[in-house]
Structure formats: C-alpha cells, structure tokens
Amino acid sequence: MGLDCYLQKDLGLEDDGRTWKSEELWYGRKTNALHGWMQRRSGIDAGDFNCERLYLDAQALDDLEKDCALGSVLPTNGFFFGSPEEREYIQGYTEEFIKTGREALAAGDKIYYFSWW
C-alpha cells in the first residue's frame, strides 16, 4: 500500500454511462509533495482527498511551476505517503509532471490529477 499519484487524460464515460475511461500520462509513487499541493488546491480536506479527480488547466500548471521554483511544494505527511522528500527530487518529478501536462493540454486533451492511497 502507499500513495500512488497520476496525471490522467480524460476519455469520458464508457457506453454503459457508469465506467470512466482514462489514459495514464504520468505516474508517481509516494510523490507526497505533489499530492499535498494538489490537495490544498482542491480545497478538499486532506483525509478526504483520495480517489478524487482534480481537473487541471494551463493556469494550474503555471501555478505549480511557480510554487515549485519558490520551494513551496513541500513534503506532505500521511500514513501511506512515504518519507520526506529532498527538494531536488520534488523539483525533478514536478517538472516532469508539468511538462507532460502541458503537452497534453497543447494536444487539446482534458487532464486531471488523481491519487489513491
């Protein structure tokens, strides 16, 4: 068990109208700083921010990039979240997440952050 974080491309609902289709664009294992940033952005209580879709636009990715550069994407504690992360590690996976997200948005895709812990 642990914190699994994803950047997903929204493909809509299956024909049955109940099953969600998506495509994984990025995966992070125990990337708790990114998760904490997304949870705060969502406005959902930390204990309830699990298996929620947080849709992202260009402004969200710009804000994440800015906060990462300022050093305000910080490790987040949680039972399944892993150990504290070094700034260089946070910056590396956050930059990859942003790059992937921007490429998807440029292609006209609807994207969202999703986590499961």
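Q: Is Tyr55 buried, partly exposed or exposed?
A: This is a predicted model, and Tyr55 sits in its strand β3. The relative accessible area of Tyr55 is 34%. Buried means under 20% and exposed means over 50%, so a value of 34% makes Tyr55 partly exposed.

Q: Which residues form a nonpolar patch on the surface, and what is their accessible area together?
A: Tyr55, the strand β3 residue, is one of the members. The patch is formed by Leu13, Trp20 and Tyr55. Together their accessible area is about 270 Å².

Q: How far apart are the end C-alpha atoms of helix α3, and what should the helix span?
A: Helix α3 covers residues 87-106, which is 20 residues. At 1.5 Å a residue, the expected span is 28 Å. The end C-alpha atoms agree with that, being apart by 28 Å.

Q: Which residues of α3 are buried, and what covers them?
A: Let's start with a helpful rule: an α-helix has 3.6 residues a turn, so residues three or four places apart point the same way. The buried residues of α3 are Ile90, Tyr93, Thr94, Phe97, Ile98, Thr100, Gly101 and Ala104. Their cover includes β1 (4-13), β2 (20-29), α1 (32-42), β3 (54-56), α2 (58-70) and β4 (111-116).

Q: Which residue with a positive phi follows α3?
A: Just beyond the helix, the chain reaches a residue whose phi is near 90°. That residue is Gly108.

Q: How many residues apart in sequence are the parts that Asp109 and Lys9 tie together?
A: Asp109 and Lys9 form a salt bridge, with their closest N and O atoms 3.8 Å apart. Asp109 lies in the loop between α3 and β4, while Lys9 lies in strand β1, so the parts tied together are apart in sequence by 100 residues.

Q: Is Lys9 buried or exposed?
A: The cut-off for buried is under 20% relative accessible area. Lys9 has 18% relative accessibility, so Lys9 counts as buried.

Q: Which helices does the salt bridge between Arg41 and Asp63 tie together?
A: The two side chains meet at 3.0 Å, N to O. Arg41 lies in one helix and Asp63 in another, 22 residues apart in sequence, so the pair ties together α1 and α2.

Q: Where in the chain are Glu65 and Arg102, the pair that links distant parts?
A: The side chains of Glu65 and Arg102 meet in a salt bridge of 2.9 Å, N to O. The partners are 37 residues apart, with Glu65 in helix α2 and Arg102 in helix α3.

Terms used
Residues are numbered from 1 along each chain as its sequence is written. This is a predicted model: local features need pLDDT of at least 70, side-chain atom pairs count only at pLDDT 80 or more; totals for chains, interfaces and linings use all residues. Side-chain values use heavy atoms; hydrogens and water are left out. Helices (H or I, at least four residues) and strands (E, at least two) are DSSP runs, numbered from the N terminus. The expected span of a helix is 1.5 Å times one less than its number of residues. Buried means under 20% relative accessible area, exposed over 50%, partly exposed in between (1.4 Å probe, protein chains only). Contact means heavy atoms within 4.5 Å. Patches are made of residues with over 30% relative accessible area and no salt bridge: like charges are joined within 9 Å, nonpolar side chains (Val, Leu, Ile, Met, Phe, Trp, Tyr) within 5 Å. Accessible areas come from the Shrake-Rupley method with a 1.4 Å probe; for residues, only the protein chains shown count as cover. A salt bridge is a side-chain nitrogen of Lys or Arg within 4 Å of a carboxyl oxygen of Asp or Glu.
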